[in-house]
Every structure is written in C-alpha cells, then in structure tokens.
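Work through the exercises below with the sequence and the coordinates open. Each task is followed by a solution in steps.

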Amino acid sequence: MGAVRCAVVGVGQTHHTSCRADVSIAGLVREAADRALADAGMTMDDIDAVVIGKAPDMLEGVMMPELWLAEALAAAGKPVFRVHTAGSVGGSTAIVAAQHVMSGVHKRVLAVAFEKQSDGNAMWALSVPVPFSMPVHAGAGGYFAPHVRAYIRRSEAPGYIGAMVAVKDRTNACANPYAHLHEPDWTLEAAMESPMLWDPIRFVETCPSSDGAAALVIAAEDVADALPGPKAWIRATSMRSEPTMFAGRNQVSPQAGKDCSAELWRKAGITDPLREVDVAEIYVPFSWFEPMWLENLGFAERNEGWRLVEDGVTDLRGGSLPINPSGGVLSSNPIGASGMIRFGEAAMQVMGNAGDHQVDGARTAVGHAYGGGSQFFAMWVVGAEKP
Amino acid sequence: MSNEAEDVLRIRTPIGVDYAWSAGRRSSAYLNGLLEGRLIGKRCPSCTRVYFPPRNGNCPMCGVLLVDDDVEVGPNGTVTTFCVVNVPFLGQKITPPYVAATILLDGADIGMQHLLQEVDAADVRMGMRVEPVWAPREDWGPTMENITHFRPSGEPDVDFTDYAGQL
C-alpha cells in the first residue's frame, strides 16, 4: 500500500514582530493555529493530532513548552508530538505532520511552530561556552560568517552579492503584511555601507530577532477533496542530517543538504529544478546563504549560485525562480517557526493565496529549512495539482 | 485593582545552573594534555584522520572508537577561515572587536576555533600561519584558554588548494 495522498488545506501565521508583550507563548501559538484552522474551514474539534516544533528550549528558558501548549491548543485527549531539529524544526514539524497523514494513521493533523525571542536571549543561548573549546563563539552569525567567507573565496563571488540579496528580501517583505521588517528604502549603495557585525556579514544581511508562530492544517486526500478551498498537494518531502563537526566536512555546501535535495527531486519527479520549480522559500538567515543554498539544492552548479542573484533570476518580479517572495528569514525570524513559514509560504503560493507577493501562475513551489551548524535539512515540494 | 497602565504584562525570571561535564577517556586525555601544555588529539583507526579535540571519543563519520594512543598536534597551524566579531552580547567572554579564526593545527585533520591577536584584523588572511601564545604556567587549567590567543608565526602563507578541503 502506498502513502496516502495529502495536502496543506490551511495556513496561518502571526504578524511577526520584535516583541509581542501582549501574549504568552501559548497565546502566540493559538493565534497562528486559529488562523490556519479558519483558512481550512475547520475548528480544533476536527483535528486528530497535533505536532509542535520549536528551536532549543533554552531560547526562552521554558523546558518542554509542548506540555503547556497542548492545553492552549485544546489538544487534551489527542496525540501530541514535539519535534526537535534546531532551526530547521518548522520544516521538520510540517513533514512529521504530513507523515502522520501519509501513513494513514490520522486524517487531519495540525502542525504548529513558534519562537518568542523577546522572552529570552538567543544570542546568549547560542553562545554558551562549551567545556572543550575556546569561548570565541558569537551566536549564529559568528558561527556562519567564516563559512560565508569560505564561500566568497572559493566561488570568487563579487562582494556585493550579499547586499543584493538583502535589498531584494527587504523589498519583498514590504508586500507581505506578516513580515517583521518593512523597510522599503534600501538601495544597494546603502546596504554596502551597512556596518559589519560579523565581518564579512553586514547588519542589513542579517535576520532580525522576532516573536512569531506559524501553523498548517494537513489533510488526507478524501478530506481535502471535500473542502471547497484551494489546496497545496504535497508532492515530496525529504529530511537529512549530518554531524556538526567532522574531518573534511564541506561546511559551505553540506553533503546532507545535497542528499536531501537529490531525494526531494527524485521523489517529486523533477529533473531540472531551475526550470520546473516556479518559486522557492528557502531558509536564508544571512543573505549569502541564498547563493550557497541555490548550489546545495541543485538550482545552480558549484560556485555559480551568485550568478542567479546577479542576473535577477531570484527576483520576485521578472525573475524565473523567485526566492523568498515573502521577504524570507532575512525579514522575519521567529526561529522555530521560520522553517514552517517557508513551508507555509510555498503552500500559499500554489494555493494562490500569497496576496501582494504572489508569484503569477505558481504551480510548483519548494519549502526549505536548515538548522544547527548547517546539519539538519528539511524540504518539501508542493503543487497546485494532485500528484 | 490596578489600572490598565499599571498592568503587569511581563516579569523577569533569571535561571542558572552549574553543570558537571563527564569528558570520557579520550577527551580527558586532551584536557590532561592541556594541563601540561600539550595538544593531544586522537586518530580514527578506520579513516586515519586525527581529531583535535577528540570530542566524541568516536569518529563522527566512521562511528568507531578513536585509537587510545595520543597524537600530539600543533603547536602551529593554518587559518582556514575566520570572521571579525564586532557585535557585543550578553555573556560574551571576549571584548569585541576580535578575530575568531578556524585554525587547522599541524597534524590535525579538523580545524578548531580560537582567538587571533597581535595582528590588525584587516591584515588577517585565509592561509595565514599562526602560533599559540600560552598563559603563564601557574594559570593553567584543563582548558583551551591556557592558550590566550594565536598570533602570526611569520611562516609563508599556505596555498588555498592545500586547505580548500577543510572548508
């Protein structure tokens, strides 16, 4: 027996912002869940199981928040699962929820993910000194900046590519009412003057700290068929991981990411991703990761990803493969939710629900997330047509 | 009752704890080496690569126990890549700006992060050769902080192709 066909039938998210002091974590998550259920034309009573994801608990200092959230999500008496894959967790959570439906165990599954960065201090939590090494760590930016430098060196990309991506994503975010940052006035010249936080990563090339949540309702084919609204059919999913540190590791383009995308394209029956995919929401917390992931995903050859940026291929208007029309992680980063926002935005595109950042005629979309030290990968392909 | 302007929306609740860390035999050899001013790595019997520090006891890729025999690495090494940290944050141990460099010690097959000083940040290069600067011996403990920082050794730079496989 093959997997049960399933679709995203509801997408919800909060208005991402630096501080939602007006709600608890539970209130934040409930807000996204209610929006996804409303989008699906369902209520909590219709849901069979709930899958919750967030990045490490130390970010807010609340251990196992899923216990508390199960109550807030009216999930008493239902199966509740927690997923942990660091920054990729929003994507992994969506995939775990989809697998509950594909397996035939459940018909309607709610996936939720969140981060309330203002309740804690992620920079501190990601820089806690470890006992066997020198405490030079400086958050995610400090971790990734040396790998960005390595990419720039090996690809011989012009130094302005990171700034180009930043201006694109910040501009795209202005068409997305849910985005945290709405900064319409960036120019390439201004971006190049932005101060270096973790040289070679500039301030404008860095994601914000956000409070936010996202939710998806995933339903089996028979349930989805009976619903009147648009659906995003899940054509393929893939997850991979690898150790954070090992000798000879390719830290610019990790093997786990290459394997993950190769499996994704094979499962979806896609042989030429650059031509066959209409739009992609990929996890770019630092702008240089756009060209890096374009290569890792197989949209471009090694050391050639930056050319797609320079040629405008990834632009929302006029590009043949718009990347992050929502403004991406670079414009909203509720860490645990960020992967699910990518997956949900991909679904919104093929459902035709992306509003002012809709890519015209989008039929096939990719959601992508990565986490940890570029060691967890989660991806899906969604389509307007039933696979 | 309090009026709306005085409603309590948030409170600050600090938490903290000191943990013990059981290093395991191979990492203990590394920590004991630091007490003597030696840099101790361990070799994988399968892929023959030398891990410094031998953090897992196992080779992360081959999944087998590292050989117990010590492999002394360094003390000099090569900067494979680096960043300049300009951003201050809560709990930071080193005052910015500073250069956090990935250093491949001679004889090791994996880089480690350390502080690079006694050089202007603008003059730091990928491929630069560096040497450790040790703290006074009476201050040593079982920690990598026995080396206060690395500095340029004056040796010629290493060619990019010779360390590109480390990126």
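**Exercise 1. Strand pairing within chain B**

How many bridges join E4(B) to strand E7 (residues 129-134) of chain B, and do the two strands run parallel or antiparallel? Then follow the pairing onward from E7(B).

Solution. The model is a predicted one.
Step 1. E4(B) and E7(B) are joined by two bridges, and they run antiparallel.
Step 2. One residue pair places this contact: Gly77(B) is opposite Val130(B) of E7(B).
Step 3. E7(B) also pairs with strand E8 (residues 147-152) of chain B, in the antiparallel sense and over five bridges.
Step 4. Val130(B) serves here too, standing opposite Pro152(B) in E8(B). Val130(B) thus faces Gly77(B) and also Pro152(B).

**Exercise 2. A strand pair across the chains**

Identify the strand of chain A that pairs with E4(B), and list its bridge partners.

Solution.
Step 1. The strand is E5 (residues 196-199) of chain A, and its pairing with E4(B) is antiparallel over two bridges.
Step 2. Trp198(A) has Val85(B) as its bridge partner in E4(B). Asp199(A) has Val84(B).
Step 3. Within chain A, E5(A) is joined by two bridges to strand E6 (residues 201-202), again antiparallel. Met196(A) is matched there with Arg202(A).
Step 4. The connection from E5(A) to E6(A) is a hairpin of one residue.

**Exercise 3. The contact between chains A and B**

Describe the side of chain B that touches chain A, by residue count, by element and by class.

Solution.
Step 1. The contact involves 37 residues of chain B and 35 residues of chain A.
Step 2. Strands E4 (77-85), E5 (98-105) and E6 (112-116) of chain B each give at least two residues to this side.
Step 3. E4(B) provides the largest share, five residues.
Step 4. The classes are 23 nonpolar, eight polar and six charged residues.

**Exercise 4. The two domains of chain B**

Where does chain B divide into domains, and what makes up the side of domain 1 that touches domain 2?

Solution.
Step 1. Domain 1 covers 20-73 and domain 2 covers 74-167.
Step 2. Their C-alpha centres are 20 Å apart.
Step 3. In chain B, 14 residues of domain 1 are in contact with 15 residues of domain 2.
Step 4. On the domain 1 side, helix H1 (25-35) and strand E2 (50-51) of chain B each supply at least two residues. H1(B) has the largest share, four residues.
Step 5. By class, this side of domain 1 of chain B holds ten nonpolar, three polar and one charged residue.

**Exercise 5. Helix H1 of chain A**

Compare the span of H1(A) with the expected value, then find which of its residues are buried and what they pack against.

Solution.
Step 1. H1(A) takes in residues 25-40, 16 residues in number. From first to last C-alpha it reaches 23 Å, close to the 22 Å expected at 1.5 Å a residue.
Step 2. Its buried residues are Ile25(A), Leu28(A), Val29(A), Arg30(A), Ala32(A), Ala33(A), Ala36(A), Leu37(A), Asp39(A) and Ala40(A).
Step 3. For reading that list, an α-helix has 3.6 residues a turn, so residues three or four places apart point the same way.
Step 4. The packing partners of the buried residues of H1(A) are strand E1 (6-13), helix H2 (65-72), strand E4 (108-116) and strand E7 (211-220), which belong to chain A.
Step 5. Just after H1(A) comes Gly41(A), with a positive phi of about 70 degrees.

Definitions and conventions: Residues numbered from 1 in each chain as written. Chains lettered and ligands numbered in written order. Predicted model: local features only at pLDDT ≥ 70, side-chain atom pairs only at ≥ 80, totals over all residues. Domains from an automatic or database assignment. Contact = placed C-beta atoms within 7 Å. Nonpolar A, V, L, I, M, F, W, Y, C, P; charged D, E, K, R; others polar. Pairing = 2+ DSSP bridges. Expected span 1.5 Å × (residues − 1). Buried ≥ 20, exposed ≤ 12 C-beta atoms within 10 Å, placed from the backbone.
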